[in-house]
Amino acid sequence: MAERKTTPYLLSAPALLVYSAFLAAPLIAVTILSFNTFTMATGIQPGFSLANYAEVLTDDYFHRIFLRTFGLALLVAAIAALIGTPEAYILHRMAPAWRSAFLLVILGPLLVSVLVRTLGWAVLLGRNGLINSALIGIGAIERPIEFMYTMTGVVVALVHVLVPFHVLAVWASLRRLDPAVEAAGLSLGASQATVLRRIVVPQIMPGILSGSLIVFTLAASAFATPSIIGGRRLKVVAMTAYDEFLNSQNWPMGAAIAAVLLAATLVIVLGYNRWVERRYAQAFQ
Amino acid sequence: MMTRNGPWALAFHALFVGFILAPLIVVCLVSFTTESYLSLPVTGVSLRWFRAIAGSDFIPAFYNSLYVATAAATIALALSIPAALATARWRFPGRDALTAFFLSPLMVPHIVLGVALLKFLSDIGLSSTYFGLIFAHVIIVMPFTLRLALATLTGLDRAVEWAAWSLGASHGTIFRRVTLPLILPGLAGGWLLAFIQSFDELTMTVFVAAPSTMTLPVRMFNYVTDNIDPLVAAVSTALIFVTILLMIAMDRFYGLDRLLAGKGAR
Amino acid sequence: MAFLDLRGLTKRFGGTIAVDGLDLSVDRGEFVALLGPSGCGKTTSLHMVAGFVEPDAGTVRIDGRDMAPVPPNRRNIGVVFQSYALFPHMTVAENIGFGMEMRRVPAAERAVRIGEALSLVRLDGYAGRYPRQLSGGQQQRVALARALVIRPDLLLLDEPLSNLDAKLREEMRVEIRLIQRQVNITTILVTHDQAEALVMSDRVAVMDRGRIVQIDRPVQAYDCPANAFVSNFLGRANLIRAAVVNRGQGRLCLRAGTSEFEIDGSTEADEVTVSIRPERIGFVETGGIAARVKVSLFMGDQWLYRLDSDLGGLTVCAPNAGGARIADGAPVRLAWPADAARVLNG
């Protein structure tokens with residue numbers, strides 16, 4: 001509609017105001033905080049110091065935590081891609097009625113609190129949990145296996161929490177797939193497996209890649225699931241920041257950890273997007 | 001020309017669905033226990049733990065979550081409608097940057113938002129207030145309401161608005177009588193999604209909520225770090241059932257897969 | 001002065017020029033078609049008349065009044081859109097009544113006029129339906145009724161029939177034309193369908209790259225195309241490049257290859273392009289121009305022959321009169337009346 005040039009700015013002004021106050025300002029404030037210093041005796045000292053960053057980037061303790069976090073995220077993203085991609089394709093090939101029902105079943109848990117889903121795994125994985133009872137019941141093991149407070153437990157629970165995102169991303173790219181191209185491939189003499197490998201997978205690759213990125217970044221900043229299943233012994237970055245803030249009261253250190261996490265996440269997201277765009281720019285405009 | 005899934009595919013599918021549903025079903029099962037500890041298999045069925053919720057401090061936490069989520073989703077929607085109109089309808093300098101800024105909370109880990117808001121709200125004296133908590137949630141849920149509003153607006157045939165215009169309607173009348181009724185299902189879907197997101201949010205809220213404004217997820221988190229018992233399982237079961245009801249409502253409004261498409265994308 | 005008058009209308013989108021100095025005058029009660037391929041600027045022109053798009057330059061005058069300061073909702077123009085643009089959340093009656101509601105027409109009068117509009121488009125009894133419960137043709141007629149019921153000064157039709165199937169489209173052409181005559185409203189039709197433009201309008205304006213290249217009565221535009229673009233776009237045409245051998249008294253003698261032929265016309269040039277409609281070329285026993293049938297296509301009511309000749313590839317239509325078709329590869333001789341060929345400008 002033909003109108004004045006200021007109209008769009010006026011329309012977005014309220015949202016912009018709220019964002020400036022509750023997103024931009026806090027992020028700036030916490031960045032400044034991360035350059036302050038802290039001791040038990042004096043509390044938070046204003047000033048500009050890189051000491052917190054130096055410690056995060058050089059201390060072995062923090063190295064282990066960051067390595068554990070990003071290793072965990074990588075593993076979770078890989079497993080989610082490995083099981084989520086075929087599942088999305090199976091859904092894609094179902095009759096419409098079954099498909100919408102199962103989509104509801106698989107995507108629905110995204111709306112159930114992460115806490116509730118993690119709790120379910122705590123019940124399943126515990127010493128007297130369902131999995132151990134079942135394994136002992138069929139005689140596979142004699143004594144219960146410890147899943148709680150292990151990396152295995154955290155990975156299983158995180159895959160469960162995040163795999164619907166991967167299914168969703170692949171499903172979205174499968175929906176854009178012209179069903180006739182598979183038929184065309186078959187009519188040209190390709191086997192079902194060849195059609196899958198040469199025709200379907202290349203076209204849904206952007207979906208697989210973006211799904212993996214989503215799962216990776218969410219796993220890297222996950223808090224509830226690692227805290228409950230992994231516990232203190234398997235600290236991840238988010239828990240470390242939490243402890244610095246709410247237990248040690250060392251806010252500047254917590255802020256520096258958060259800043260490093262944010263920077264790492266942004267670098268990975270933007271770098272990955274750039275790479276994917278370069279690779280698929282021609283085929284997928 | 002639907003090709004059928006083979007037996008291996010269906011077996012995989014069954015395992016996958018089992019994997020997805022197992023923890024949810026288990027939580028529901030154990031919450032009906034008669035024992036005072038978690039046990040499987042359940043020996044007897046009772047509602048004692050559901051009755052126990054009534055007297056617990058999960059109830060005030062539930063109401064806190066209800067207030068915060070309702071307010072945050074509503075404010076986010078109210079901010080999203082004009083912002084979506086601006087970016088969907090006008091080409092102006094800074095448009096792309098503005099859209100990216102409005103969607104940027106999706107890229108910021110919630111733990112980072114949590115520490116940032118904890119620091120900021122205590123600086124400006126809004127820590128442990130509902131006001132601060134609600135606006136923190138507005139930031140988290142607004143990308144969802146904005147995306148849904150944008151998607152429905154761009155899906156709208158401009159000619160319909162032009163038709164109203166040529167028939168003599170003013171801009172205000174066009175919006176009220178034509179645009180708004182047509183984008184309402186998308187807006188309602190966006191509001192529900194935002195409500196659920198806010199209601200379930202834990203990681204950021206852990207930092208921002210005070211004992212007096214503590215939401216249900218924070219209360220549950222603090223509880224399970226001490227012990228996991230049938231009481232918290234019963235609370236979880238109640239939450240699962242409420243979510244199922246909301247989910248069915250959302251599927252009616254907008255289609256769940258289309259709605260969630262905005263949830264994951266970053 | 002003309003009722004609708006467009007002068008130097010110009011619109012750019014980014015770097016591309018959509019409408020380039022468009023001039024058009026339309027008399028009261030006249031039906032003018034803007035005809036052209038997609039992207040020729042016809043829809044943008046219509047949107048500028050309606051006021052949805054602001055022209056970069058030029059004026060739109062209706063009944064002598066400059067429309068520049070008048071927003072679309074004050075122009076009193078009825079528009080029928082390609083997508084119909086019915087309000088999906090309103091019933092047929094609410095759709096049709098919307099414009100009158102905006103004009104504060106009392107409810108009682110509104111109801112009467114809705115009824116009249118519905119019978120005008122032969123949809124009596126459909127008042128309570130929702131658009132999605134109607135067929136494409138019915139939706140189209142509701143859109144027409146909604147545009148007409150406000151008694152607009154001008155009716156704009158933007159590709160109104162392109163979403164209908166072929167048979168319905170032909171019926172609606174006639175129906176819209178009859179309704180337009182009945183209410184005697186000045187109408188602009190935008191279309192890319194030449195048959196639609198020829199059948200429905202009093203005058204056809206053929207557009208190419210943002211300009212009107214020819215505006216004429218349909219018969220005139222078809223028989224005397226101004227240039228190669230018009231002759232190709234309006235129906236089928238054989239374009240023949242030929243050298244002028246002799247000229248005089250409104251006749252030209254032309255040569256192409258080894259064949260010579262005479263046509264009506266005059267030119268200063270030594271070489272010309274002439275256009276001959278396929279249905280004006282006939283088969284003769286002797287004389288004429290030698291050709292050979294490459295392929296013959298059966299179209300039901302006629303045969304379409306593609307031929308090779310000295311003049312290049314030619315297309316000939318012959319009515320299906322029940323006779324046997326000419327075999328592929330057969331040698332034939334072709335002739336046409338001297339007034340069948342047109343010398344094209346440029």
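Visitor: What makes one helix stand out in the lining of the second largest pocket, and which helix is it?
Guide: In this predicted model, helix 10 of chain B gives the most to that lining, with four residues, where a helix is a DSSP run of H or I with at least four residues, numbered from the N terminus. Residues are numbered from 1 along each chain as written, with chains lettered from A in the order written. Local features need pLDDT of at least 70, side-chain atom pairs need 80 or more, totals for chains, interfaces and linings use all residues, and side-chain values use heavy atoms, without hydrogens and water.

Visitor: Why are A:Ala122 and B:Ile228 called lining residues of the second largest pocket?
Guide: Both are among the 27 residues that line this pocket, and both are named with those closest to its centre; a lining residue has an atom within 4 Å of a pocket point, so A:Ala122 and B:Ile228 meet that rule. The pocket itself is an open set of points on a 1 Å grid over the protein atoms alone, where a 1.4 Å probe fits, with protein on both sides within 12 Å along at least five of seven lines.

Visitor: How do you know how many residues of chain B and chain A take part in the contact?
Guide: Contact means heavy atoms within 4.5 Å, and by that rule 89 residues come from chain B and 90 residues from chain A.

Visitor: How many salt bridges are found across the interface, and why?
Guide: Zero, because no pair there meets the rule of a side-chain nitrogen of Lys or Arg within 4 Å of a carboxyl oxygen of Asp or Glu. The side of chain B that touches chain A nevertheless has 11 charged residues (Asp, Glu, Lys and Arg).

How values were computed. Helix = DSSP H or I, 4+ residues; strand = E, 2+ residues; numbered from the N terminus.
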